[in-house]
Amino acid sequence: MQQDQLHCANKTLDLFRPGAHPKQPLRAWDAADEYLIDTINTHYPSNKLLVLNDQFGALGCALYNQIDTWSSDSACAKQSLELNLKKNALTLNGNICDSINVSTDSALAVMKIPKNTSFLEFQINQCITLGINKVLLGGMMKHLPKTILNLLQKFGEVNRLPFVKKSTVFELTLNNATPNPYPKKNTFYGVHLLSHANVFGRDKLDTGAEFFLDHLDKLPKANKVADLCCGSGILGIKYALTHKNSTTDFYDESFMAIESSKASWPLNPLVSEANYFWDDGLKNEDKQYDLILCNPPFHEAHTVGDHIAKRLFKQSKAALEPEGKLIVVGNRHLQYHQTLKKYFKHVEQIASNTKFVLLSAHG
Ligand SMILES: C[S@@+](CC[C@H](N)C(=O)[O-])C[C@H]1O[C@@H](n2cnc3c(N)ncnc32)[C@H](O)[C@@H]1O
């Protein structure tokens, strides 16, 4: 876990970035967080705030005494905020909530610009519904969507503040809501799905998931199944449709993924049991499985790497019955075969093509 000091206004915060590999010099904040904090401290020092998409709790800790509501789609972000508040002996008087069930009395929102523009549009509409009249949106220049200015102008008047340390802040005064297609219905491989705005594969089936589904008939029969990193739940639902007696637990760190899986399950002819966990992998559940299905992420927001996959493989090893198996799909170049061997005695290839491999790990 990386630790560093953030100096802002009259405080110094010790901020931790959970999950970062000791060899990756990653901090819990970036220059865009600093810019948002400075803008609030300078121009809005006494406004109540709705904070959106704070990745590791830097905004939450720096602005803690002004926060009315802190909202995130990410369970990892929420856990980082709680950890960093505790490490700095701070108490948030406002609410901490997920990305869908948001309520607030504030009129000003502070947002870290998300990578996914569907989600960005969803959140700006959500702000309008909540009665917010101004949003300060911060981001690193290299991470900004190319269409950001046009996108924001659809919702109201935009003032872009000067670039500072390769980051910027947009002041958006809200006037218009725009139509948003999410949650959206899709059918992929005969599975009916309802996908929220921030769900992976919300518009089209991922090619890795497609490869996994092409070889689903090669998987063993199992009673207790986990769909780890479930997205809209495509892998777990498809498996349950062909193995009617299995129970399925869905895990994702995205709240919208969990809500999508929950809404998708009853759209399909299934009578078996399903459970849902919004969490950092299997971290907090003391459950054992015969089979874990996983199409792991290879990035955390803008940070690419296999640090999350490693964490998930390690957790899976601990959550499998002695004869249980973890089934993983991945791009060939990610070398999951080698990574899995660090945690499992046996790693077998179930299928491969020029781009993907499907692996089974046990023991
Ligand atoms: C490659 S997508 C797979 C989605 C879906 N299973 C599919 O095959 O289309 C990876 C998923 O992992 C989730 N994820 C990322 N980090 C996670 C973590 N630490 N714990 C649980 N899920 C995580 C993402 O939210 C995303 O839904």
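**Exercise 1. Locate proline 183 and describe the peptide bond before it.**

Step 1. Proline 183 sits in a loop, between strand 9 (167-174) and strand 10 (184-188). The structure is a predicted model.

Step 2. Now check the bond that leads into proline 183. The peptide bond from tyrosine 182 to proline 183 is cis, with omega near 0°.

Step 3. Set this against the usual case. Most peptide bonds are trans.

**Exercise 2. Follow the chain through strand 10 and find how it pairs with strand 11.**

Step 1. Strand 11 covers residues 191-195, and five bridges join it to strand 10. The two strands run antiparallel.

Step 2. Pick one pair across the strands. Asparagine 186 stands opposite leucine 193 in strand 11.

Step 3. Inspect the connection. Strand 10 and strand 11 form a hairpin, with two residues between them. Tyrosine 189 is in the turn and has a positive phi of about 55°.

**Exercise 3. Lysine 165 and cysteine 229 both have a positive phi without being glycine. Place each one in a loop, then class lysine 165 and cysteine 229 by exposure.**

Step 1. Recall the background. Most residues other than glycine have a negative phi.

Step 2. Take lysine 165. Its phi is about 45°. Lysine 165 lies in the loop between strand 8 (156-160) and strand 9.

Step 3. Apply the cut-off: exposed means over 50% relative accessible area. Lysine 165 has 56%, so it is exposed.

Step 4. Take cysteine 229. Its phi is about 70°. Cysteine 229 is found in the loop between strand 12 and helix 7.

Step 5. Apply the cut-offs again: buried means under 20%, and partly exposed runs from there to the exposed class. Cysteine 229 has 21% relative accessibility, so it counts as partly exposed.

**Exercise 4. Map the pairing of strand 12 and the unit it forms with helix 7 and strand 13.**

Step 1. Start with cover. Strand 12 spans residues 224-228, and four of its five residues are buried.

Step 2. Go to one partner. Strand 12 pairs with strand 13 (residues 247-252) in the parallel sense, over five bridges. Alanine 226 has aspartate 249 in strand 13 as its bridge partner.

Step 3. Go to another partner. Strand 15 (residues 289-294) also pairs with strand 12 in the parallel sense, over four bridges. Here valine 225 is bridged to leucine 291.

Step 4. Add the helix. Strand 12, helix 7 and strand 13 make a β-α-β unit, and the unit is right-handed.

Step 5. Check the cover of helix 7. Seven of its nine residues are buried. Among them are Ile234, Leu235 and Tyr239.

**Exercise 5. Describe the surroundings of the ligand, beginning with the closest residues.**

Step 1. Count the shell. 19 residues surround the ligand. The closest are Cys229, Asp252, Asp280, Gly281 and Asn295.

Step 2. Sort the shell by class. Ten residues are nonpolar, four are polar and five are charged.

Step 3. Trace the helices that contribute. Helix 7 (234-242) and helix 9 (307-319) each supply at least two residues of the shell.

Step 4. List polar contacts. A backbone N or O atom of cysteine 229 lies 2.8 Å from a nitrogen atom of the ligand. For cysteine 230, a backbone N or O atom lies 3.3 Å from a ligand nitrogen. Aspartate 252 uses its side chain: an N or O atom there is 2.6 Å from an oxygen atom of the ligand.

Step 5. Finish with the cover. On its own, the ligand has 600 Å² of accessible area, and the protein covers 92% of that.

**Exercise 6. Is isoleucine 258 buried or exposed, and how far apart are the C-alpha atoms of isoleucine 258 and glycine 231?**

Step 1. Place the residue. Isoleucine 258 lies in helix 8 (residues 255-264).

Step 2. Use the cut-off of under 20% for buried. Isoleucine 258 has 3% relative accessibility, so it is buried.

Step 3. Compare chain and space. Isoleucine 258 and glycine 231 are 27 residues apart along the chain, and 7.1 Å separates their C-alpha atoms.

**Exercise 7. Find the backbone atom that the side chain of serine 74 reaches.**

Step 1. Serine 74 is found in the loop between strand 4 (67-71) and helix 3 (75-87).

Step 2. Its relative accessibility is 15%, so serine 74 counts as buried.

Step 3. The side chain reaches the backbone nitrogen of alanine 77, at 2.9 Å.

Note on methods:
Residues numbered from 1 in each chain as written. Predicted model: local features only at pLDDT ≥ 70, side-chain atom pairs only at ≥ 80, totals over all residues. Heavy atoms only, no water. Near = heavy atom within 4 Å. Polar contact = N/O pair within 3.5 Å; in protein donor to acceptor, adjacent residues only side chain to side chain. Areas by Shrake-Rupley, 256 points an atom, 1.4 Å probe, with all protein chains shown as cover. Nonpolar A, V, L, I, M, F, W, Y, C, P; charged D, E, K, R; others polar. Buried < 20%, exposed > 50% of the residue type's maximum accessible area, 1.4 Å probe, protein only. Pairing = 2+ DSSP bridges. Right-handed = clockwise from strand over helix to strand, strands pointing away.
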